[in-house]
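Open the model in your viewer and keep the selection tool at hand. The tour moves from one stop to the next.

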Amino acid sequence: MSDILSWIWLSTKFPIASSSIDALMTHFDYNADAVYNASSDDYLVVSGLDAKYIDALNNKSLDDSREIFDWCTENDVGLLPYDSRFYPQRLRDIEKAPILLYYRGRLINFDDNVCIALVGTRRMTDYGKREGYRIARDLILGGAVVVSGMARGIDTICHRGALDAGGYTVAVLGCGIDKVYPPENDYIMDEIARTGLVLTEFKPFTPPIGSNFPIRNRIISGLSLGTLVVEADSKSGAMITAKYAEKQGRDIFSIPGNVGELNSIGTNRLLKKGAKIVTGALDMLEEYEYIYPHRIRIENLPAFMPKFSSSGSTSVSKVSSPKKPITSNAPNEQDFLNDGKASDSLPFTEEIKLTKESKEIKETKKVKEVKKKASTEDTVKKAPVRDTSSLNETEKKIYDLFPEDRNISADEIARTGIPVGIVLQNLTMLEIKGFIKTLPGGVFTKA
């Protein structure tokens, strides 16, 4: 295994997803130390290596690499080089695989898990919001891992659904691990890092510029067995992720939308091209339950009903042929639990264990009817009192700020001292759970 400083040094010499680095790594058999120790003459004979990078490779200073390594050590950021036994084989199999990944959170054995990418537009509708949340939640309940990009809109709501189900979700960033983008997602990013994984191939301090996001999408699809496009127009970045999934030989799923709706153009187009139609998590989990029986728990899905044949035995349908779990020369689950490191450099934390109890979600209870109180003149009807036991502490705090007689804006709530990012996230959840409604003009009212 090459020295971690050699990997950091090499990763800074090329643009992300450069074809030249692919050529170089192939020539040197993915040995970063060999690349570092090579001479200018050695580089000149590499087929496919752009000559403009040779001067950079001839600079052998490790000062910048040590600075990055020290920063990662001080900030509890892990480094996962290409030759680590914890590096997912699924990523090694893709074109222009990242040679070094930075991460916060808990690594799992991705090759032994059913990872599903959920992506979609930043400008989601109520339909996309509801379905993205529901399907992400149910995927977790069924034993899968949700992978997305933590962008505004569909990505965020899918991460939220996964977290609320007590599950493991992966956010792949288009910037450095020290950056939060969009900035209002600082709360959810910390939550993902505590129970899941935040991942990026961009070195620390890299800003979230627009060109970074299409490149990172190949990692979202590459980590996953299948990609679900929840809601997208024809130019959405989610369609780029679907294209990567197709090139990588992964399954493509799509949620149907209303004909003529802007956010349904992309998803309906995928269905016309052969993507599998999805109306619920079961449609995807069925594809993998017989290949990953130790992971998938379809019986945990809400309203699950097993299918029985006339003979009384449960029916087994033929599934498609996604990649089988990778076992040769790959770390098993116990390695992840016992090994003290994720690389030769930084500590690696224990894999999260999803228990049945942690997967359960409390459903919103029915509204309690308030008894009518008779007076001497007439009967006064009080406003219905909502049972808020299904809300978390922050959601209940924000809901209690809603007046009975008028609408309220997010800015008004934020002026009480709650950060605006947290306000927006929890308003979204309150709407999904049926406690509030969004009105024209960016204001909210109790439902």
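## Stop 1: a positive patch

Select K247. This residue sits in helix α12. The model is a predicted one. Is K247 buried or exposed? K247 is exposed, at a relative accessible area of 71%.

Now add K243, R269, K272 and K273 to the selection. Together with K247, they form a positive surface patch. Which elements give two or more residues to the patch? They are α12, spanning 237-247, and α13, spanning 265-272.

## Stop 2: a negative patch

Go to helix α6, residues 63-74, and pick E67. E67 has 54% relative accessibility, and the cut-off for exposed is over 50%, so E67 counts as exposed. Next pick D64, also placed in helix α6. D64 counts as exposed too, with 55% relative accessibility.

Extend the selection to D63, D70 and E74. With D64 and E67, these residues make up a negative surface patch.

Stay on E67 for a distance check. Draw a line from its C-alpha atom to that of L5: the separation is 10.0 Å. Along the chain, E67 and L5 are 62 residues apart.

## Stop 3: the sheet of 9 strands

Switch to a cartoon view. Look for an open sheet of 9 strands with mixed pairing. Trace the order β1-β2-β6-β5-β4-β3-β7-β8-β9. Which strands stand at the edges? They are β1 (78-81) and β9 (276-277), and each pairs on one side only.

Side chains come next. In a regular strand they alternate between the two faces of the sheet. Select β3, residues 115-119, and show its side chains. C115, A117 and V119 point one way, while I116 and L118 point the other way. How many of the 5 residues of β3 are buried? The count is 5 of the 5, so β3 is largely enclosed by the rest of the structure.

Step across to β4, residues 145-148. β3 and β4 run parallel, joined by 3 bridges. Label C115 and V145: these residues stand opposite each other across the β3 and β4 pair.

Then move to β5 (169-172) and β6 (197-200). This pair is also parallel, and 3 bridges join the strands. Select A171 and look across to β6: V198 stands opposite.

## Stop 4: a loop beside β3

Select R106. R106 lies in the loop between β2 (100-105) and β3 (115-119). At 29% relative accessibility, R106 counts as partly exposed, because that class lies between under 20% for buried and over 50% for exposed.

Now select T195 as well. R106 and T195 are 89 residues apart along the chain, yet their C-alpha atoms are separated by 7.0 Å.

## Stop 5: the sheet of 3 strands

Finish at an open sheet of 3 strands, where the pairing is antiparallel. The order reads β12-β14-β13. Select β12 (408-409) and β13 (436-439), the strands at the edges. Why is one side of each left without a neighbour in the sheet? Each of the two has a single partner strand, so nothing in the sheet flanks its other side.

Add β14, residues 443-446. β13 and β14 pair in the antiparallel sense over 4 bridges. Backbone hydrogen bonds are what pair the strands of a sheet. For a last pick, select T438 and find its bridge partner in β14, which is F444.

Definitions and conventions: Residues are numbered from 1 along each chain as its sequence is written. This is a predicted model: local features need pLDDT of at least 70, side-chain atom pairs count only at pLDDT 80 or more; totals for chains, interfaces and linings use all residues. Side-chain values use heavy atoms; hydrogens and water are left out. Patches are made of residues with over 30% relative accessible area and no salt bridge: like charges are joined within 9 Å, nonpolar side chains (Val, Leu, Ile, Met, Phe, Trp, Tyr) within 5 Å. Accessible areas come from the Shrake-Rupley method with a 1.4 Å probe; for residues, only the protein chains shown count as cover. A salt bridge is a side-chain nitrogen of Lys or Arg within 4 Å of a carboxyl oxygen of Asp or Glu. Lys and Arg count as positive and Asp and Glu as negative; His and the chain ends are not counted. The place of a charge is taken as NZ of Lys, CZ of Arg, CG of Asp or CD of Glu. Buried means under 20% relative accessible area, exposed over 50%, partly exposed in between (1.4 Å probe, protein chains only). Two strands pair if DSSP finds at least two bridges between them.
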